[in-house]
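Visitor: I am new here and would love a guided tour. Could you show me around?
Guide: Gladly! Have a look first, and then we will talk it through.

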Amino acid sequence: MAVALSSPTKTDIILDTTLRDLYALDNDDDASIVLVNALPTAEIQMIDAIPLSTKFAYQSPNVSIKDPDLLARLYLQVVPQLFGFIAGRMPLVLFDLDNVKDTAHRDHARQVYSQITPTQRPQLAFVARPSDIKLPARTKIAIPNPMDCLTFLPHTVNPEVHYDLLSKRSLALSTLPTPPSEVVDTILRPGEAYDERALLIEVSRMTKGVRTRPCPFVVKMPQSLSGEGVFLIHGDSDRLHATEVLGLELTRCLKLMTESRTQVPTSNIILQELIFGENVALAFFVTKKGRAIFSSCCPQLVDQRGHWEGGCISYKQQDTYQLKYGRIIELLASYMHDRGFYGPMGVDIITDQQGNQFIIDMNIRVIGSHPLGFLKNHFSFRRGLHEAVLFFPLFLTCDRETFERIFRQRLLAGRLIITGWCHDKEGITSVTTMILAAEDKSRLRALIDEVTVYRMTG
């Protein structure tokens, strides 16, 4: 099913900077970079051409979406569109969905990027499978997360290094300022997990701290996706839920152990002190020489299960935030540079009542709130819109044509930007991500109320 491009319901967006500009900083290498935007899933294969990763394995035991087609629309289309929004004039590869007759996702992606001024639009290409990606000489790919199916291609960052930097275990054991943590590694060797009795004993040993540690605390799996392997333990019901879910997930992970995968252990859990305080997401770029380029500081929107739902930004406060978190950003940039990383990244920081800053999590890629920092001139300087929010994911009861007709004036005014869109199989409902902006918090709240009338519930 094709989608006709909408009538004029947008204004040309000029980004403050782009990933292309940032990759060029401090970079004497003449190698070209191609963005390949796809996010992995842990247990549910999204499309036939992308098998589950086993070397670079992930965990999402609390995943709420179990439909492969919806996961594909979310993690192969909407999120990659969002991440590609700030690409600039550089090649961007997205994966097609399984249904070859339905190419509407291509039209939706093109519509997203048609809002951007032509000199900053990504050079968009679609492929059916990883083997369709053909790179010119002296070209490397930059990716959100390492995936087994892409390892045959040259990467800007060694995928094993990238994977280790994403690990919550590695963060807990690093020299970086993190909350007090206990890492519980497995003591089983590859092959021993197939002994059911040994497996039961080992899972019980590994989850003992979950059952006995005083509340409150946090339990994390090392390679959890989108907060779907993080458990906040406030009382007995949380403890019981975490123990049950972790028992099943650890059993799965232990059975996946092989000789080759013991070098990057995923069969462990992290028990961490729960710190109370101001929680923000910092987005920045690490240049090839290790210089940090600040993008934004955004308070986070988190649902009742602890899953990320978006971020908000106050543009007038960004200079203050940059000064407040400048030292820890420089520390992180040096840490990443020493390990061979350069590119966009984000970290979750919490500041306790004594003013101590702790790194809660690191996302070594573009993060969801990244585009907010690239739109300061568009919103704040040019239109006087000093408050903005990015929603992800936002499931809507309408199709894109209907939505754009209803919000035509908001789109034309540049105060509503669609950063990712894909319809469901039937073309009736939609999964999206978008940015709303207003002059102040009260007017932003009113705009949010207008849009969320069309939000799916349940």
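**A tour in questions**

Guide: Let us begin with some rings: Phe403, Phe407, Trp421 and Tyr454 are linked into a cluster by ring pairs. Please keep in mind that this is a predicted model.

Visitor: How many aromatic pairs does a search of the whole structure find?
Guide: The cluster of Phe403, Phe407, Trp421 and Tyr454 is built from ring pairs. When the whole structure is searched, the number of aromatic pairs is nine.

Visitor: Which residues have the most contacts inside the largest nonpolar core?
Guide: That core has 85 residues. Its largest share, nine residues, is supplied by helix α2, which covers residues 68-84. Inside the core, the residues with the most contacts are Leu150, Phe403 and Leu436.

Visitor: How many residues are in the other core, which lies apart from the largest one?
Guide: Among the members of this other core are Leu171, Ile328, Met345 and Met362. It lies apart from the largest core, and its residue count is 27.

Visitor: Is Asn145 buried or exposed?
Guide: Asn145 sits in the loop between β4 (139-142) and α4 (159-166). Beyond its neighbours within four places in sequence, Asn145 has contacts that include Leu39, Tyr58, His162 and Arg365. Its relative accessible area is 5%, and the limit for being buried is under 20%. Asn145 is therefore buried.

Visitor: What distance separates the C-alpha atoms of Thr139 and Ser32?
Guide: Thr139 is part of strand β4 and is buried, at 6% relative accessible area. Leaving aside neighbours within four places in sequence, Thr139 is in contact with Ser32, Val34 and Pro154. Although Thr139 and Ser32 are 107 residues apart along the chain, their C-alpha atoms are separated by 4.6 Å.

Visitor: Which backbone oxygens does the side chain of Thr139 reach?
Guide: There are two to point out here. One, at 3.3 Å, belongs to Ala137. The other, at 3.2 Å, belongs to Pro136.

Visitor: Is Arg138 buried or exposed?
Guide: Arg138 is placed in the loop between β3 (123-127) and β4. Its phi is near 55 degrees, a positive value in a residue other than glycine. The relative accessibility of Arg138 is 53%, and the limit for this class is over 50%, so Arg138 counts as exposed.

Visitor: What is the relative accessible area of Ser226?
Guide: Ser226 is not a glycine, yet its phi is positive, at about 55 degrees. You will find Ser226 in the loop between β6 and β7 (230-233). Ser226 is partly exposed, with a relative accessible area of 38%.

Visitor: Where does Pro393 lie, the residue joined to Phe392 by a cis peptide bond?
Guide: The bond between Phe392 and Pro393 has an omega of about -20 degrees. Pro393 itself belongs to a strand spanning residues 387-396, namely β14.

Visitor: Where is the place of Pro216?
Guide: The peptide bond from Cys215 to Pro216 is cis, with omega near 0 degrees. Pro216 has its place in the loop between α7 (208-212) and β6 (217-220).

Visitor: Which ring does the charged end of Arg339 sit over?
Guide: Two arginines can be shown here. The charged end of Arg455 sits over the ring of Phe391, 5.7 Å from its centre. For Arg339, the charged end lies 3.5 Å from the centre of a ring, and that ring belongs to Tyr335.

Visitor: How many residues apart are Glu43 and Arg252, which form a salt bridge?
Guide: Side chains of opposite charge can pair when their charged atoms come close. In the pair of Glu43 and Arg252, the closest N and O atoms are 3.6 Å apart. Glu43 is in the loop between β1 (32-36) and α2, while Arg252 is in helix α8 (residues 236-255). Along the chain, the two are 209 residues apart.

Visitor: Which helices hold Arg410 and Glu450?
Guide: The side chains of Arg410 and Glu450 meet in a salt bridge at 2.6 Å, N to O. Their pairing ties together parts that are 40 residues apart in sequence, because Arg410 lies in α14 and Glu450 in α15.

Visitor: Which residues do salt bridges with shared partners join into one network?
Guide: One bridge to look at is between Arg443 and Asp440, at 3.7 Å from N to O. The network joined through shared partners consists of Arg415, Glu439, Asp440 and Arg443.

Key: Residues are numbered from 1 along each chain as its sequence is written. This is a predicted model: local features need pLDDT of at least 70, side-chain atom pairs count only at pLDDT 80 or more; totals for chains, interfaces and linings use all residues. Side-chain values use heavy atoms; hydrogens and water are left out. Helices (H or I, at least four residues) and strands (E, at least two) are DSSP runs, numbered from the N terminus. Buried means under 20% relative accessible area, exposed over 50%, partly exposed in between (1.4 Å probe, protein chains only). Contact means heavy atoms within 4.5 Å. A polar contact is a pair of N or O atoms within 3.5 Å; within protein, one must be able to donate a hydrogen and the other to accept it, and residues adjacent in sequence count only if both atoms are side-chain atoms. A nonpolar core is a set of buried Ala, Val, Leu, Ile, Met, Phe, Trp, Tyr and Cys residues joined through side-chain atoms within 4.5 Å. Rings of Phe, Tyr and Trp (its six-membered ring) pair if their centres lie within 6.5 Å; planes under 30 degrees apart count as stacked, over 60 as edge-to-face and the rest as tilted. A charge sits over a ring if NZ of Lys or CZ of Arg is within 6 Å of the ring centre and within 35 degrees of the ring normal. A salt bridge is a side-chain nitrogen of Lys or Arg within 4 Å of a carboxyl oxygen of Asp or Glu.
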